[in-house]
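Dear colleague,

Please find below the structure that I am handing over to you. My notes on what was found in it follow directly after it.

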Amino acid sequence: MHSSKKLKRGLIVSCQAEKNEPLYGSENMALLAYAAEISGAIGIRALTAKDVYEIRKKVSLPIIGITKDRKSNGAFITIRKKDIDELVNAGADFVAIDCTDRERPEPLKELFEHIRNTYEGLGIVADISNLKEAKEVVKLNPDYISTTLSGYTSYTKNRDKPDLNLISEIVKITNIPVIAEGNYVYPKQARQAILNGAYSVVVGGAITRPQQITDRFNRAIRNVLNDFNSIGIDLGGTHIRIIKLNSKKEILDKEIVKTPETKELILKKLFELTDKYIDKNTKFLGIATAGRVNVKNGEIIFASKNLPDWIGMKLKEVFEKKYSLDVNVSNDANFAAYSQYLQTKKDLLYITVGTGIGSGIIIDGKICNGVNGNSGEIGHIIYPMNNNPCTCGKNGCIETLLSGKNLWKNLEENTEQKDKIFDDYSEKMAWLIDVVKNTIDFEEVYIGGVLPRYGEFLINLINEKYRNLSEINKENIFYSNVGELAGAYGAAVYSFEKWEEEL
Ligand SMILES: [Zn+2]
């Protein structure tokens with residue numbers, strides 16, 4: 001049994017710079033290592049014997065030494081016995097060895113034997129790229145297995161970066177501690193690696209390459225540094241609305257046109273409008289569309305007959321290809337809800353009453369999307385004892401009772417019973433708000449669409465019925481005042497305000 005040195009659990013900082021990098025030089029690496037040491041790192045990973053030697057003079061942390069053979073087409077990290085000798089002589093406590101299943105000048109087994117026979121106490125870190133290699137190297141009993149090379153061998157190019165799953169996979173097959181390494185950029189990734197079972201985490205460039213850090217900040221602000229504008233489109237069953245905003249969210253331009261009748265003509269019209277308003281300062285494009293949308297890929301999952309053949313339309317892809325902009329697609333009610341949020345800055349439920357019941361929910365200042373973006377389809381909650389067929393294919397959806405169309409029809413057909421109709425309508429609307437409130441805890445409710453036309457008494461009635469349901473129902477219900485451009489406006493603003501950090 002050998003008894004190598006042990007690493008503590010924690011953060012290992014990899015201090016490496018290539019010849020073409022600004023911080024290239026052993027003295028610089030020693031300073032970076034020192035900075036890591038006084039900030040709580042538990043180990044240093046270093047490239048070349050020379051760097052190991054300089055770092056050893058400056059820090060007392062364990063050092064994992066490596067060499068790289070840039071000319072090698074196969075394995076390239078510490079692949080020769082003489083590399084190991086140099087690293088040990090320079091002061092390395094561990095050596096990391098390329099244990100991938102690739103061509104190498106000296107058999108892996110020989111390198112392990114060389115260390116075990118020659119250097120009492122020297123620890124071995126086995127750098128691998130996948131589970132198969134981990135399984136193979138377990139037989140040689142390294143002190144640690146490191147995921148360093150996942151993504152860097154031809155057969156692992158498509159793995160996630162960083163490869164958090166690989167950690168979970170390896171800890172299942174061996175008790176040898178696993179070190180997470182390779183493409184760790186954000187602290188939350190390092191944390192997740194530990195939660196996945198990693199013993200320690202190696203972070204390199206994200207800490208030791210200022211050019212990487214600078215670039216990350218630059219990328220975050222590049223699109224909003226100079227005057228920019230954003231376009232929002234709201235594609236509805238009857239009208240298309242387009243709006244252009246400057247960076248202060250002021251409206252520069254707007255237009256409303258009738259929605260054409262076929263898929264081809266709709267797309268043509270959307271392009272026509274976009275071409276008309278886009279300019280060299282346009283950096284963002286948001287599209288609000290009727291129907292259900294997969295917000296991740298911007299594909300239409302469901303659309304009514306008003307938008308014929310619209311299902312399956314890859315709206316995001318089509319627009320990104322044509323305009324090379326970041327395109328954000330969501331349901332029209334979601335973006336209208338965001339417009340409302342921009343006025344109130346409160347988490348809210350937004351309900352729009354029209355041919356059906358649309359809704360958007362804002363939680364923590366963001367649209368509540370759910371897995372594909374279909375949260376908030378509250379019109380399709382089934383109301384007790386209701387059996388009316390709904391456009392969605394179910395029977396009993398509450399939108400068959402609460403749609404503007406239905407309310408209007410009822411009032412037309414029963415002119416003598418207006419009070420009862422409004423009373424009944426308010427009760428059901430209050431019931432729906434209460435159901436949603438018990439699912440998602442919002443602060444305010446806004447109702448838009450055709451409902452505000454009926455006047456203040458109706459919203460007062462809805463508030464009264466809502467409070468009558470329970471004494472804990474204290475949320476205020478208002479008519480929405482965002483107007484008919486809300487969907488387009490919300491789409492335009494959301495596209496630049498809710499920018500997601502690129503990984
Ligand atoms: Zn339904």
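How many bridges join strand 9 to strand 10, and do these strands run parallel or antiparallel? Seven bridges join strand 9 (residues 229-235) to strand 10 (residues 239-246), and the two run antiparallel. Within this pairing, Asn 229 has Asn 246 in strand 10 as its bridge partner. Please bear in mind throughout that this is a predicted model.

The open sheet

Strands 9 and 10 belong to an open sheet of five strands, arranged in the order 11-10-9-12-15 with mixed pairing. Strand 11 (251-258) and strand 15 (326-331) stand at the edges; each has a single partner strand, so one side of each is left without a neighbour in the sheet. From one strand to the next, the twist in this sheet averages 15°.

Two helices pack on this sheet. Helix 11 (residues 315-323) touches strand 9, strand 12 and strand 15, and its direction makes about 155° with that of strand 15. Helix 17 touches strand 9, strand 10, strand 11, strand 12 and strand 15, and its direction makes about 140° with that of strand 9.

Aromatic pairs and charges over rings

There are 15 aromatic pairs in the structure. One of them is formed by Phe 284 and Phe 496, whose ring centres are 5.8 Å apart and whose planes stand at 50°, so the pair is tilted. Phe 284 lies in strand 12 (residues 282-289) and Phe 496 in helix 17 (residues 486-497), so this pair ties together parts that are 212 residues apart in sequence. Both residues are buried: Phe 284 has a relative accessible area of 3%, and Phe 496 has one of 11%.

Ring pairs also link Phe 335, Tyr 338, Tyr 341 and Tyr 494 into a cluster. In addition, two lysines have their charged ends over rings. That of Lys 322 sits over the ring of Phe 271, 4.9 Å from its centre, while that of Lys 437 sits over the ring of Phe 442, 5.3 Å from its centre.

The barrel

Eight strands close into a barrel in the order 1-2-3-4-5-6-7-8, with parallel pairing. Here the twist averages 30° from one strand to the next. Four bridges join strand 1 to strand 2 in parallel, and Cys 15 stands opposite Ala 46 in strand 2. Two bridges join strand 3 (residues 63-66) to strand 4 (residues 94-98), again in parallel; Gly 65 has Val 95 in strand 4 as its bridge partner.

Why is strand 2 described as largely enclosed by the rest of the structure? Five of its five residues are buried, so the description applies to strand 2. Both of its faces are covered, with Gly 43, Arg 45 and Leu 47 buried on one side and Ile 44 and Ala 46 buried on the other. Helix 1 (residues 26-38) lies across strand 1 (11-15) and strand 2 (43-47), and runs at about 165° to strand 1.

A helix pair

The axes of helix 3 (residues 81-90) and helix 4 (residues 108-118) come within 10 Å and cross at roughly 35°. The crossing of helix 3 past helix 4 is right-handed. Where the two meet, Lys 81, Ile 84 and Asp 85 in helix 3 face Glu 110, Leu 111, His 114 and Ile 115 in helix 4 as contacts.

With kind regards

How values were computed:
Residues are numbered from 1 along each chain as its sequence is written. This is a predicted model: local features need pLDDT of at least 70, side-chain atom pairs count only at pLDDT 80 or more; totals for chains, interfaces and linings use all residues. Side-chain values use heavy atoms; hydrogens and water are left out. Rings of Phe, Tyr and Trp (its six-membered ring) pair if their centres lie within 6.5 Å; planes under 30 degrees apart count as stacked, over 60 as edge-to-face and the rest as tilted. Buried means under 20% relative accessible area, exposed over 50%, partly exposed in between (1.4 Å probe, protein chains only). A charge sits over a ring if NZ of Lys or CZ of Arg is within 6 Å of the ring centre and within 35 degrees of the ring normal. Two strands pair if DSSP finds at least two bridges between them. Axes are lines fitted to C-alpha atoms, for helices over the stretch in contact, and angles run from 0 to 180 degrees between N-to-C directions. Contact means heavy atoms within 4.5 Å. A crossing is left-handed if the near helix is turned anticlockwise from the far one by less than a right angle, and right-handed if clockwise.
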